[in-house]
Amino acid sequence: LALSSVIEPGGKREARLAATSAQRQIIDGERQARALDLIGEVTKRFVGVVANQARLDLAISARSLATDVLKSVERRIQAGAAPEAELYRARAQMTQAELAVTEAQSRLRASSLSLSVLWGDTEPDFVRVAGNLQNMGAVGDFNALFERTLQNPAIAIFASEERLREAELQLAKTQSRTDIGWSVGVRQFQDTDDTALVAGVSVPLFSSARNTGALQSAQSARDEVAVRRDIAMLELRATLFDAYQQRKLGIETAELLRSDVVPALTRAWQLTRTAYETGRYGYQEWAAARQELISAQYALISAQEAALQNGATIEQLTAQPLLPPLASDVGGTAQESEQ
């Protein structure tokens, strides 16, 4: 019967505990980073649904407009004020408007499904979502945004990894120190029925020399973390700058389209319509003015979507919100039916 143990000099146990604690911090940081990625993806897909809803509404409005144009052309032909060719052109425009509605409905269904699968639904349990594309916020300062990226869990992980590698290095250093094993016990000899007290001490030789490779490896791993952190910061800055510029362009484009271009084209279309009905303009001018207005309205939606999508990317990189929530509720119960 014997009792034995090992004496670990140099704080080996504390070094192991420090390494385990640092590893736990890395795992927590990775979980936070993945959660942040998921939030960003949900936001981007939600923005996509809101934008496709706006495109569908615009396509339906354009179809209604094409219907009015067709009726107006029919009246002018019946009055003998327009050639019959304009009727066929108006009908073709009407068919194209119908196709645009069908395409917009398909895109909306696809984006709705892409959003709903994030919470495990194979089919969307909503008809429409509540969101405002015009709530794009201000451009902000790039340097201030970059400072906020230091709060990103993906960057904070490097600090935890540095602590882990340092703890592993300290642990490797302690392995160079020799452990002392000891034992004490009682041995009974059955042949002579004698009992003896047994004690022993064991000391491994050349522990420091055998541990040289592990020590060098731990030092290299610690130094590597700083290099990878610098590379990650450069890549993050480049990604943030690209998202910042795209968001800035989207906001500026949307503001110009909304305040100048769309109102001007709306007025031009109204004047062209009046001129067509009074016989001063032909169908070509009216159709062109109508198409220019619709194209500008689609461009406005795309610019707003781009600004919000890149805003979601910036939020993901900085781990902080730029804007209030785009919507308060996705809408489990439908308030509006799909048109």
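The exercises below work through a predicted model of one chain, each with a solution in steps.

**Exercise 1. Describe the overall make-up of the chain: how many helices and strands, in what pattern, and what share of the residues is buried?**

Step 1. The secondary structure consists of 7 helices and 3 strands.

Step 2. Along the sequence these elements follow the pattern β-α-α-α-α-β-β-α-α-α.

Step 3. The chain has 339 residues, and 34% of them count as buried.

Step 4. Take the contacts in the chain with a separation of 6 or more: residues 24 or more positions apart account for 82% of these.

**Exercise 2. Check the length of α7 against the span expected at 1.5 Å a residue, then state what follows the helix.**

Step 1. Helix α7 covers 283-318 and has 36 residues.

Step 2. The expected span is 1.5 Å times one less than the number of residues. For α7 this should come to 52 Å.

Step 3. The end C-alpha atoms of α7 lie 52 Å apart, so the model agrees with the expected span.

Step 4. After α7 comes Ala319, which has a positive phi, near 60 degrees.

**Exercise 3. Find which parts of the chain line the second largest pocket, and sort the lining residues by class.**

Step 1. The second largest pocket holds about 160 Å³ of space.

Step 2. Its lining is made up of Ala59, Ala62, Gln93, Gln96, Ala97, Ala100, Arg290, Gln291, Ile294 and Tyr298.

Step 3. Compare these numbers with the helix ranges. At least two lining residues come from each of α1 (12-78), α2 (85-116) and α7 (283-318).

Step 4. Sorted by class, the lining has 6 nonpolar, 3 polar and 1 charged residues.

**Exercise 4. Place Ala59, one of the lining residues, in its surroundings: is Ala59 buried or exposed, and which residues does Ala59 touch?**

Step 1. Ala59 sits in helix α1.

Step 2. A residue counts as buried under 20% relative accessible area. Ala59 has 1%, so Ala59 is buried.

Step 3. Leaving out residues up to four places away in sequence, Ala59 touches Ala100, Val101, Ala104 and Tyr298. Ala100 and Tyr298 are also among the residues that line the second largest pocket.

Step 4. Ala59 and Glu98 are 39 residues apart in sequence, with 8.2 Å between their C-alpha atoms.

**Exercise 5. Two residues with polar side chains, Gln53 and Glu86, are to be examined: state how far each is buried and find a polar partner for each.**

Step 1. Gln53 belongs to helix α1. Its relative accessible area is 4%, so Gln53 is buried.

Step 2. A polar atom of the Gln53 side chain lies 2.6 Å from the backbone nitrogen of Val129.

Step 3. Val129 is also one of the residues that Gln53 touches, the others being Leu108, Val127 and Arg128, when residues up to four places away in sequence are not counted.

Step 4. Glu86 belongs to helix α2. With a relative accessible area of 11%, Glu86 is buried.

Step 5. The side chains of Glu86 and Tyr276 make a polar contact at 2.9 Å. Under the same exclusion of residues up to four places away in sequence, Glu86 touches Val73, Tyr276 and Tyr283.

**Exercise 6. Use C-alpha distances to relate positions far apart in sequence: where do Val47 and Ile314 lie, and what separates Val47 from Glu305 and Ile314 from Gly40?**

Step 1. Val47 lies in helix α1. At 2% relative accessibility, Val47 counts as buried.

Step 2. Between Val47 and Glu305 there are 6.6 Å, C-alpha to C-alpha, although the two are 258 residues apart in sequence.

Step 3. Ile314 lies in helix α7. Its relative accessible area is 0%, so Ile314 is buried.

Step 4. Ile314 and Gly40 are 274 residues apart along the chain, and their C-alpha atoms are separated by 9.1 Å.

Note on methods:
Residues are numbered from 1 along each chain as its sequence is written. This is a predicted model: local features need pLDDT of at least 70, side-chain atom pairs count only at pLDDT 80 or more; totals for chains, interfaces and linings use all residues. Side-chain values use heavy atoms; hydrogens and water are left out. On a 1 Å grid over the protein atoms alone, a cavity is a set of points where a 1.4 Å probe fits but cannot get out, and a pocket is an open set with protein on both sides within 12 Å along at least five of seven lines; lining residues have an atom within 4 Å of a point. Grid points are joined across faces, edges and corners, and a volume is the space filled by probe spheres set on the points. Helices (H or I, at least four residues) and strands (E, at least two) are DSSP runs, numbered from the N terminus. Ala, Val, Leu, Ile, Met, Phe, Trp, Tyr, Cys and Pro count as nonpolar, Asp, Glu, Lys and Arg as charged, and the others, Gly among them, as polar. Buried means under 20% relative accessible area, exposed over 50%, partly exposed in between (1.4 Å probe, protein chains only). A polar contact is a pair of N or O atoms within 3.5 Å; within protein, one must be able to donate a hydrogen and the other to accept it, and residues adjacent in sequence count only if both atoms are side-chain atoms. Contact means heavy atoms within 4.5 Å.
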